[in-house]
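I opened the model to look up how its sheet is ordered, what packs on that sheet, and where its nonpolar residues gather. My entries follow in that order.

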Amino acid sequence: MPLLGGVRPPIAALLCALLAVAGFTALGLGTVHEQDVPQALRDAERRIAEDAADSVGTAIDASAAAVRHSAASEAPAGSRTPAALLRSLLPTGHPAGGGVLLDPHTGRPVAASGETVPLTGVDVPALVRSGDTKIAPRLVLSSRGEPRLLLFARVAVPAHGAKQDENNDQTGDLRADQNDEENELLLVVSEKVAAPAVYGVGRTGQLVDRNGKVLATAATPGTVPAIRTDHHDLPAAAAHTANAANADLRTGDVSGSVLGDGHDGLRGVTGWASVAAADSKGDASGLGLTVLTLREVPPAKEGADHTWFALVAAGALVLIAVLVTLVLWGAMQRALLRLHLSAARLARAAGHLPMAREELARPVPVVAFGEPGRVSRALESIRRQLLGEAGPEPIRPVRRRPGVRALVLVCALVIAAWGMPLLFLLNRAPAAKAVPAAAVADQQARTEAAADRVRRSLGRSCTDLAAAASALSGAPRERATEVLRRAHADHPTFRSLYVLDRTGAIVLRVGKQPLRTLDHAPTGEGIAQVNTSGPIPAIAAYAQVPAARKAKGAKDAAPAVVVAEIGVNALNSLVAREGLGSVWLTDDHHRVLAASVGFQAFQALPHRGLTRLVARTEAAPGGTGTPASDVLRAGAAPGEGPSVAAAAPLAQKGPIAGLGWRVVSAEPAAALKLAAFQLQARTMLAGLLALSVGVACLGWLHIVVVRPLRAVTRCAEQLAGGDRRTVLYPVHHDECGSVTRSLELLRQALVDRDRGGGSAPASPVPAPSFRRGGPPQQ
């Protein structure tokens, strides 16, 4: 019967697996080379360009929404003339260069304000006839050749001579009387194209159109405002790639980075990103804008070549694999095959005892190691008993010597001696030296961009809330409710909107129940942190209602204000950014208000190093604070390795400057694409693979060979010692199973010899016992 499984597969699998790990070690470690500009810096520049593009797109969307919202609002009293109407429609605080009201049929201006709005190439009647509720912005050139962004909105005005209803309750929606198309005008607002906001010393940012023409440039202090790179056609190439990808809705945002040639001991790293929403539904998506950023960095020093280490480590593992295989083959596989043949020969000879005298006369070769040696000695004793040369020979207990189990353990230790140093000791990367200063500066720049994103969002909330407060001035309750509902619908960040009277009581509310209201009605406008404890942070924007400010007899009373409670989920989404790691928004006591990861409200930062880093951003009373960054020994999560961390003040001016909030980020250093960390990760992986392979294959060998062999050894010694009652039943069709079958045949032959008489008198055979669930032998 052929042998299935047994000792051969585990040993062969161990050899093949160790050779595969050696190949991975040679290729994986040998291909890690130090680059003069690490991939981490290129990826960071690409993400910085994405942050700048997101800021540009958000600003354009906000400007377009502000113009439409202003056009949809109710015209104030006294704006019967087109010029007065235009002045009332220009958004408050909007950086408009000029505005114009156009006749929708002829395209002629009805009223104009500010600089001349460039309308060359704009087909006004076609825009109106398109029927689009939202007319997309357009890029044009002014008479001086300067780029301008045109924002459009439909304006519904009362027909000439028409009167408002008795309640003066005109909603001001963007629609005209169905029977009088002349009641609709087209509002066009032009504004300068803003340069992208870039952060970090020595960084330049440019905004280019779909043809690669530079529209605006921004640079940090001490930087030459130009994209210096050896790719002279980079703006056009980046714009072409971005617009080609944006044409496919499945692609969405696109970005990339380009590495320039070195000059003056520096190399330029350029990142580019498309100004387009992920769903291609934003107002900025159709403009074909692309943001480019550049930072020149000194090339890294030439690092050590790891090829020699990889070859030495792989060669050592190959040698270990060969030695372990030879030891297991000689001490286990070869010994088991000899036992299998010897036991089978004795079993065949025992079946034809009169004709097999010569076969039984051949002694059993004795294997001198461990359990195979003990089995061979037991077989030799059984052979002599079959020949009648000796009787049962009980095996006396002797000093135990190492067996096959100890051999397997030694092999595991040898493999572990190779894998453990790779897993825990070799090629460790000290984060303070492995992370270049440019990567730390990029982390700080992205953290500043995240702080700016939160500041802009909160600033827009204050501005829009102030506009809603103006609309509430003197409005009846129904009209005020409609204004609040529209403001709540236009701002997903608003959790609830409510109006406080002079006593601080809520007189009108839309949205969810406030988490906690202000203790008193404040004056002016701004952002307030309502609570300092509890399960959810309560953050509110407030604006004074103008009508309450003029109320008679209310000089000492607090004015009525409209309050918008800002949801924490909105703040969480603002600070979250791909590649920035864990980000937290903290208050003036360094307690967490929002985060991109799970957190508990008002908890401390997860590591003291982060708290000390935030403390470095603080300034003297009245100051704004400065950003700070560093490489920390511990990460944000427990057990996490070194991390690159940065902190930045939320605002240097505006309604939230006095809050003392900070944005803090921490990115694990191992997540950066640096050669030192790649080498460390691959070295650890090679050690882990070797240990896993050794444990798996040697464990397999222990289960299918070592344990059955130890059981066979006990059975053989008991049979040689005179135990004829125990029936031996093979379990597997391998070497151990073959030896077990042969021992059972030898047991039956010994029983028959004792019954039939021989050199020794026969004795009654007692009733057989059972072993390992085998059937009884009669």
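I looked first at an open sheet of five strands, whose order is β7-β6-β10-β9-β8 with antiparallel pairing (strands pair if DSSP finds at least two bridges between them; strands, E, of at least two residues and helices, H or I, of at least four are DSSP runs numbered from the N terminus). At the edges I found β7 (214-219) and β8 (255-263), each with a single partner strand, so one side of each has no neighbour in the sheet.

This is a predicted model, in which local features need pLDDT of at least 70 and side-chain atom pairs count only at pLDDT 80 or more, while totals for chains, interfaces and linings use all residues. Residues are numbered from 1 along each chain as its sequence is written, and side-chain values use heavy atoms, with hydrogens and water left out.

Next I followed β8 to β9 (residues 266-274), to which seven bridges join it in an antiparallel run, and noted that Ser-257 stands opposite Gly-271 in β9.

I then turned to the nonpolar residues, taking a core as buried Ala, Val, Leu, Ile, Met, Phe, Trp, Tyr and Cys joined through side-chain atoms within 4.5 Å, where buried means under 20% relative accessible area, exposed over 50% and partly exposed in between (1.4 Å probe, protein chains only). The largest such core has 58 residues, and Leu-328, Met-332 and Leu-701 are among those with the most contacts inside it; α6 gives the most, with 15 residues.

Last, I checked Gln-333, which is found in helix α6 and counts as buried at 12% relative accessibility.
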